[in-house]
Amino acid sequence: MTAEELLGLKASKIVDARGTACPGPLLEAKKAIGTIMPGEIMEVLSADEGTKVDIPKWCTKQGHEYLGTLEESGYYRIFLKKS
Amino acid sequence: MESKKMCLGLFTGSVDKLTAAGIIISGAAALDMKVDIYVLLQGARAFRKDIGDDAGQLQMAENPALKAEFMESLKSLKVKTWVEFFREAKEITDLKIHICGLAGKIWGAEKLDDFIDLADDICGIGAYLSSAEEADVNLFI
């Protein structure tokens with residue numbers, strides 16, 4: 001998705017994992033995905049550089065759709081759609 | 001989709017390697033992998049109930065002189081302790097911790113109750129090898 005499309009998304013769940021280092025954000029995402037319905041969008045906030053690689057890989061493995069990442073100052077907004 | 005299996009031979013009793021193991025099994029948990037951990041020799045000492053997270057009783061596997069810096073950095077980065085990693089991974093996925101019976105005896109811990117509450121059973125080498133044979137990912141730390 002383009003940055004503009006990502007900005008327009010309305011996430012059903014926002015997971016703020018900015019206070020944690022690897023593997024914190026991944027585990028927070030894993031726990032939170034169980035709380036939303038298939039087709040819903042989740043946004044993960046992470047200040048950990050590795051997360052922007054980890055989450056797309058995790059999505060591929062778990063069958064969720066990785067939508068894209070927005071870079072903010074000092075953190076990332078990572079979007080995915082639950083399968 | 002059948003879950004993938006990870007088999008981890010955990011020989012180490014060093015705080016740095018235990019932390020690495022904790023991070024790796026956290027990743028496995030995030031992927032819903034089924035994890036079997038076989039705690040061997042030095043590892044069994046670290047799993048003793050009176051040791052566990054008491055880092056003062058654990059060494060570093062690499063460069064012992066850096067222990068203070070390592071522990072301090074973990075704290076400031078809000079990284080969980082190795083026992084907390086193991087506990088959280090166990091809450092998320094099917095993760096079993098098997099303690100080698102001989103290793104336990106070497107460190108004066110014979111009963112399951114002598115180990116931290118995350119330990120599931122005491123086992124022998126046969127159990128480790130049959131799990132290793134079936135696993136998709138095999139690690140030895």
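**Exercise 1. Find out what covers the buried residues of helix 2 of chain A.**

Step 1. Start with the helix itself, in this predicted model. Helix 2 of chain A spans residues 24-33. Its buried residues are A:G24, A:P25, A:L26, A:L27, A:A29, A:K30, A:A32 and A:I33. Buried here means under 20% relative accessible area.

Step 2. Look for cover within chain A. You'll find strand 1 (13-16), strand 2 (41-46), helix 3 (51-62) and strand 4 (75-81) among the covering elements.

Step 3. Now cross over to the other chain. Helix 1 (15-30) and helix 4 (82-92) of chain B are also part of the cover.

Step 4. Put it together: 8 of the 10 residues of this helix are buried, so helix 2 of chain A is largely enclosed by the rest of the structure.

**Exercise 2. Describe the contact between chain B and chain A, and work out which three residues of chain B supply the most area.**

Step 1. Count who takes part. Chain B brings 14 residues to the contact, and chain A brings 10.

Step 2. Get the size. A common way to express it is the accessible area lost when the parts come together. For chain B and chain A, that comes to about 1100 Å², with carbon and sulfur atoms giving 65%.

Step 3. Pick out the top three. B:A30, B:L31 and B:I92 supply 39% of the area that chain B buries against chain A, more than any other three residues.

**Exercise 3. Lay out the elements of each chain and check how compact the chains are.**

Step 1. Take chain A. Its 3 helices and 4 strands come in the order α-β-α-β-α-β-β. A compact globule of 83 residues would have a radius of gyration near 12 Å, and the 11 Å of chain A agrees with that.

Step 2. Do chain B next. It holds 6 helices and 5 strands, running β-α-β-α-α-α-β-α-β-α-β from the N terminus. Its radius of gyration is 14 Å, close to the 14 Å from the globule rule for 141 residues, so chain B is as compact as a globular protein of that length.

Step 3. Add the burial. In chain A, 46% of the residues are buried; in chain B, the figure is 47%.

**Exercise 4. Where do the charges sit on average in each chain?**

Step 1. In chain A, find the centres of the 11 positive and 12 negative side chains: they lie 7 Å apart.

Step 2. Repeat for chain B. There, the mean positions of 16 positive and 23 negative charges are 2 Å apart.

Definitions and conventions
Residues numbered from 1 in each chain as written. Chains lettered and ligands numbered in written order. Predicted model: local features only at pLDDT ≥ 70, side-chain atom pairs only at ≥ 80, totals over all residues. Heavy atoms only, no water. Helix = DSSP H or I, 4+ residues; strand = E, 2+ residues; numbered from the N terminus. Rg over C-alpha atoms; globule rule 2.2 N^0.38 Å. Buried < 20%, exposed > 50% of the residue type's maximum accessible area, 1.4 Å probe, protein only. Lys, Arg positive; Asp, Glu negative; His and termini not counted. Charge placed at Lys NZ, Arg CZ, Asp CG, Glu CD. Contact = heavy atoms within 4.5 Å. Buried area = accessible area lost by both parts, 1.4 Å probe.
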